Amino acid sequence: MSTADKYTTETITDVRPWTDQLFSFRTTRDRGYRFVPGQFARIGVRDPESDETVWRAYSIASASYDEHLEFFSVVVPGGAFTSRLSKLREGDPILVERRSYGFLTTDRFEAGRDLWMLATGTGLAPFLSILHEFQTWERYDNLVLVQSVRTQQELAYEDLIQGFDRSEYYAEFAHKLRYVRIVTREPVPGALRDRVTKLLASGVLEENVGLRLDHERSRIMLCGNPEMVGDSRKLLSGRGFRVSRRGDPGHLAVENYW
Ligand code: NAP
């Protein structure tokens, strides 16, 4: 395969800022591009000065059936890639590798009744894609989405998540969703304040959700801050939850974000 066959050149079709540092953007999608919800794409941005392309992994936030691809990004202070990315505007080109990657997918699991999705920051992205898959709603009795951010303004996609019950397509399933917002650095009515790891360790998260974490029922996905992922994984391993491996389904699937 030549280098050109490895990727397609797409176009930015929309940029949506959430805060000074958080933004989402959409691109056109090649007709042949396939992914499983929860996977990530590798996207490339050309540096106009050196004419070199820099590549980064980005979880796909859009649905597998959408005609576009959507990504959710933070501007990393001093980071060349994300600062360049954040300056892209509608009509600009962006490269997308033809292959999709990653194992943060529900097909890693067998059985299970409750799907827990624990996200910090932009780690929310793959869960948005998973939540737009009808199979997810059909397969599980309960979907628990935990979104941890620092400030209320960073609760990106809150309206979309709370709007599933008003959606023509998802309303019939929406009662299955339990959405927990954690805002760690300011008080927000209805949101929890402690870190997700503390809430897990103390049992407060389970109490708040109204479901117990249980080997038979629970399948758990973790995505975001690598320390959060590592610490949560340790906590859950201590309670007997195992990471799914190829050919050996367990209870946990994880993705570090940077
Ligand atoms: P973040 O620091 O990851 O915080 C998001 C949420 O996760 C907050 O509620 C935070 O709580 C919580 N959290 C952080 N560490 C935790 C841990 N060890 N255990 C449990 N919860 C934890 O915020 P962010 O805005 O997503 O990212 C912050 C910075 O990370 C960015 O500015 C960037 O520099 C870097 N980042 C880099 C990339 C990359 O691709 N290179 C991607 C994402 C983020 P607290 O308020 O208590 O900290």
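The exercises below deal with the ligand site and the two largest pockets of a predicted model.

Residues are numbered from 1 along each chain as its sequence is written. In this predicted model, local features need pLDDT of at least 70, side-chain atom pairs count only at pLDDT 80 or more, and totals for chains, interfaces and linings use all residues, while side-chain values use heavy atoms, with hydrogens and water left out.

**Exercise 1.** Describe the shell around the ligand: its closest residues, its classes and the elements that supply it.

Solution. Step 1: a residue is near the ligand if one of its heavy atoms lies within 4 Å of it. There are 18 residues around the ligand, and the closest are Ser148, Arg150, Thr184, Arg185 and Arg195.

Step 2: sort by class, with Ala, Val, Leu, Ile, Met, Phe, Trp, Tyr, Cys and Pro as nonpolar, Asp, Glu, Lys and Arg as charged, and the others, Gly among them, as polar. The shell has seven nonpolar, seven polar and four charged residues.

Step 3: assign elements, which are DSSP runs numbered from the N terminus (helices H or I, at least four residues; strands E, at least two). At least two shell residues come from each of β8 (142-149) and α8 (226-238).

**Exercise 2.** Find side chains in polar contact with the ligand, then state how much of the ligand is covered.

Solution. Step 1: for the ligand, take pairs of N or O atoms within 3.5 Å. Ser148 places a side-chain N or O atom 2.8 Å from a ligand oxygen. For Thr184, the distance from a polar side-chain atom to a ligand oxygen is 2.7 Å. Asn225 has a polar side-chain atom 3.2 Å from a ligand nitrogen.

Step 2: of the 880 Å² of accessible area (Shrake-Rupley, 1.4 Å probe) that the ligand has on its own, the protein covers 82%.

**Exercise 3.** Locate the ligand among the pockets and describe the lining of the largest pocket.

Solution. Step 1: on a 1 Å grid over the protein atoms alone, a pocket is an open set of points where a 1.4 Å probe fits, with protein on both sides within 12 Å along at least five of seven lines; lining residues have an atom within 4 Å of a point. The ligand takes the space of the largest pocket, with more than half of its atoms within 2 Å of the grid points.

Step 2: this largest pocket holds about 1,100 Å³, a volume being the space filled by probe spheres set on the points. Its lining has 38 residues, with Thr120, Gly121, Thr122, Asn225 and Trp258 nearest the centre. β4 gives the largest share of that lining, four residues.

How values were computed:
Polar contact = N/O pair within 3.5 Å; in protein donor to acceptor, adjacent residues only side chain to side chain.
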